[in-house]
Amino acid sequence: MSNLSDLLPYLSQGFCSTCKELLESRLRNLHQNNNGKFDCIALDDGYKSDSSTDSSRFSKPDNRAISHVQATSSTPASVRSNGYSVGHPVLTQSTESRINKEFGNKLSVNGGNGRVVPDEKNVTSSEEQIRMSKVGRKKDFVCVETIKGRPVNVLQGLELHTRVFDDKEQKQIVDFVYDMQRMGQSRNLRERTYSEPRKWMRGKGRVTMQFGCCYNYAVDKKGNPPGIMRDEEVDPIPALFKSMIRRMVRWSILPPSCIPNSCIVNIYDEGDCIPPHIDHHDFLRPFCTVSFLTESSIVFGSNLRTIAPGEFSGAASIPLPVGSVLVLKGNGADVAKHCVPAVAAKRISITFRKMDDSKRPFQFSLDPELQGILPLGSSPMNKLPVPQVSNLQNLQRHSVPSQHDSETVRKASSKSIQFEEVDFPPLGASSTASRPKSKN
Ligand SMILES: O=C(O)CCC(=O)C(=O)O
Ligand SMILES: [Fe+2]
């Protein structure tokens, strides 16, 4: 049967790329179901479950790549699906096809007009189900704190899904984030999309890029309150991030009732942090954060102490492996604050959130590509045993704090609230003033 691979071009002659892939996938299944009988068909399945990584393998944003991004923009400017043009295509059609192929969300280009639409006929591919079955799901976090005299599990509602994005996908996403960063630095993104901290010191802020809406963490210099700034425009969610959203809904990480329509990319250089906060209620629950490049811990607690610039302590610390998705809801989102202390090495996170309908920007319109996404249907493959997360030894489980601990925590907490209000960098205003050159 070894000549089956030679027959592939003949068998698939005249097929579109989707049908070609389908045929390849069927041959691969035949191969698997026949215990290697067709072992000469060398088809790269592109799926790896190991999430270990080395950030040095990722390309650095340099000017050559900026011109690459600009060069690709010679294709017709894409009108984004939320109704307005970004002036330059965030992704070219060919890049989109590559991305969609990589992510296994079989998408097809609709009539050559550059729009990409989900092809729901292909969504039940066994490959995607196998891939989904490798996701680790931990939903039983416990950390009891005494709040108003009552024991409360402040981690209730948190979920950690691991091995959601593999090394290859991480590289693609990280490279894309760097492309976007370069575009922000060269002012090729909307002004409020890209933001760098004005002043740099250990523990101060991080680079952010906001898509879908412009969000203000703290009262800004114009006196705008925290929350979604309804009269500001940012760039729409790029296609690659939309395919991440589709995966998270299809793989039952996020519910179809809460499909994100905004996201924020956090680029942490070594020593950068995000101070203690509760995500604003202009965003619905659940929301989620995806981690890349370096495993870091996120600290939770009803009171988070500031020990030093960028150093915080709290009741529980959860390591976030690269390629993982942390889902926040319940007490984990609304009773406990969270923060990421100064990171040991470069880290990128992407937080996806659905806006409260009544808080959406005035210019916002629904993206058809993010409507009606459903979890993968119930098939026997979905019933494969779910692997448990093994890499959580560092999770600190604390019992009810002693009287002394509560005192210390209470004192520290007023400090951390002060830190939060004064030092949370306002977002949505680019500044490259005094930050040392980034070490990407
Ligand atoms: O970087 C992270 O993992 C957390 C990000 C976060 O808390 C946020 O964007 O609100
Ligand atoms: Fe947050």
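**View 1. Arg-187 sits out in the open, with a relative accessible area of 60%.** This is a predicted model, and Arg-187 is a good place to start looking around it. Exposed means over 50% relative accessible area, so at 60% Arg-187 counts as exposed. To find Arg-187, look in the loop between α6 (167–185) and β7 (194–195). Its backbone is worth a look too: Arg-187 has a positive phi of about 60°, although it is not a glycine. Most residues other than glycine have a negative phi.

**View 2. Lys-148 is another non-glycine residue with a positive phi.** Here phi is near 50°. Lys-148 belongs to the loop between β4 (144–147) and β5 (150–153). Is Lys-148 buried or exposed? With 84% relative accessibility, Lys-148 counts as exposed.

**View 3. A cis peptide bond links Arg-285 to Pro-286.** Omega for this bond is near -5°. Most peptide bonds are trans. Pro-286 itself is part of the loop between β12 and β13 (287–292).

**View 4. Ligand 1 fills the space of the largest cavity.** Which residues come nearest to ligand 1? There are 15 residues around the ligand, and Tyr-268, His-338, Arg-347, Ser-349 and Thr-351 are the nearest of them. Sort the shell by chemistry and you get six nonpolar residues, six polar ones and three charged ones. Now zoom in on the oxygen atoms of ligand 1. One oxygen atom is 2.9 Å from a polar side-chain atom of Thr-351. For His-338, an N or O atom of the side chain is 3.0 Å from an oxygen atom of the ligand. Asn-266 also has a side-chain N or O atom 3.3 Å from an oxygen atom of ligand 1. How much of ligand 1 does the protein bury? Taken alone, the ligand exposes 300 Å², and the protein buries 99% of that.

**View 5. Strands supply residues to the shell around ligand 1.** Pick out β11 (262–268), β12 (274–277), β19 (337–340) and β20 (347–353): each one gives at least two residues to the shell. Which strand supplies the largest share? That would be β20, with four residues.

**View 6. Lys-346 is tucked away in the loop between β19 and β20.** Buried means under 20% relative accessible area, so Lys-346, at 10%, counts as buried. Its side chain and the side chain of Asp-269 are joined by a polar contact of 3.2 Å. Follow the chain and Lys-346 is 78 residues from Tyr-268, yet their C-alpha atoms are 5.6 Å apart in space. You have met Tyr-268 already, among the residues that come nearest to ligand 1.

**View 7. Pro-256 and Gly-372 lie 116 residues apart along the chain.** In space, their C-alpha atoms are separated by 7.3 Å. Look for Pro-256 in the loop between α7 (239–250) and β11. Pro-256 falls between the extremes: its relative accessible area is 38%, so it is partly exposed.

**View 8. Helix α5 is mostly covered.** The helix runs through residues 126–133, and six of its eight residues are buried. Which residues of α5 are buried? They are Glu-127, Glu-128, Gln-129, Arg-131, Met-132 and Ser-133. As you trace the helix, keep one rule of thumb in mind. An α-helix has 3.6 residues a turn, so residues three or four places apart point the same way.

Definitions and conventions. Residues are numbered from 1 along each chain as its sequence is written. Chains are lettered from A and ligands numbered from 1 in the order in which they are written. This is a predicted model: local features need pLDDT of at least 70, side-chain atom pairs count only at pLDDT 80 or more; totals for chains, interfaces and linings use all residues. Side-chain values use heavy atoms; hydrogens and water are left out. A residue is near a molecule or strand if one of its heavy atoms lies within 4 Å of it. A polar contact is a pair of N or O atoms within 3.5 Å; within protein, one must be able to donate a hydrogen and the other to accept it, and residues adjacent in sequence count only if both atoms are side-chain atoms. Accessible areas come from the Shrake-Rupley method with a 1.4 Å probe; for residues, only the protein chains shown count as cover. On a 1 Å grid over the protein atoms alone, a cavity is a set of points where a 1.4 Å probe fits but cannot get out, and a pocket is an open set with protein on both sides within 12 Å along at least five of seven lines; lining residues have an atom within 4 Å of a point. A molecule sits in a cavity or pocket if more than half of its atoms lie within 2 Å of its grid points. Ala, Val, Leu, Ile, Met, Phe, Trp, Tyr, Cys and Pro count as nonpolar, Asp, Glu, Lys and Arg as charged, and the others, Gly among them, as polar. Buried means under 20% relative accessible area, exposed over 50%, partly exposed in between (1.4 Å probe, protein chains only).
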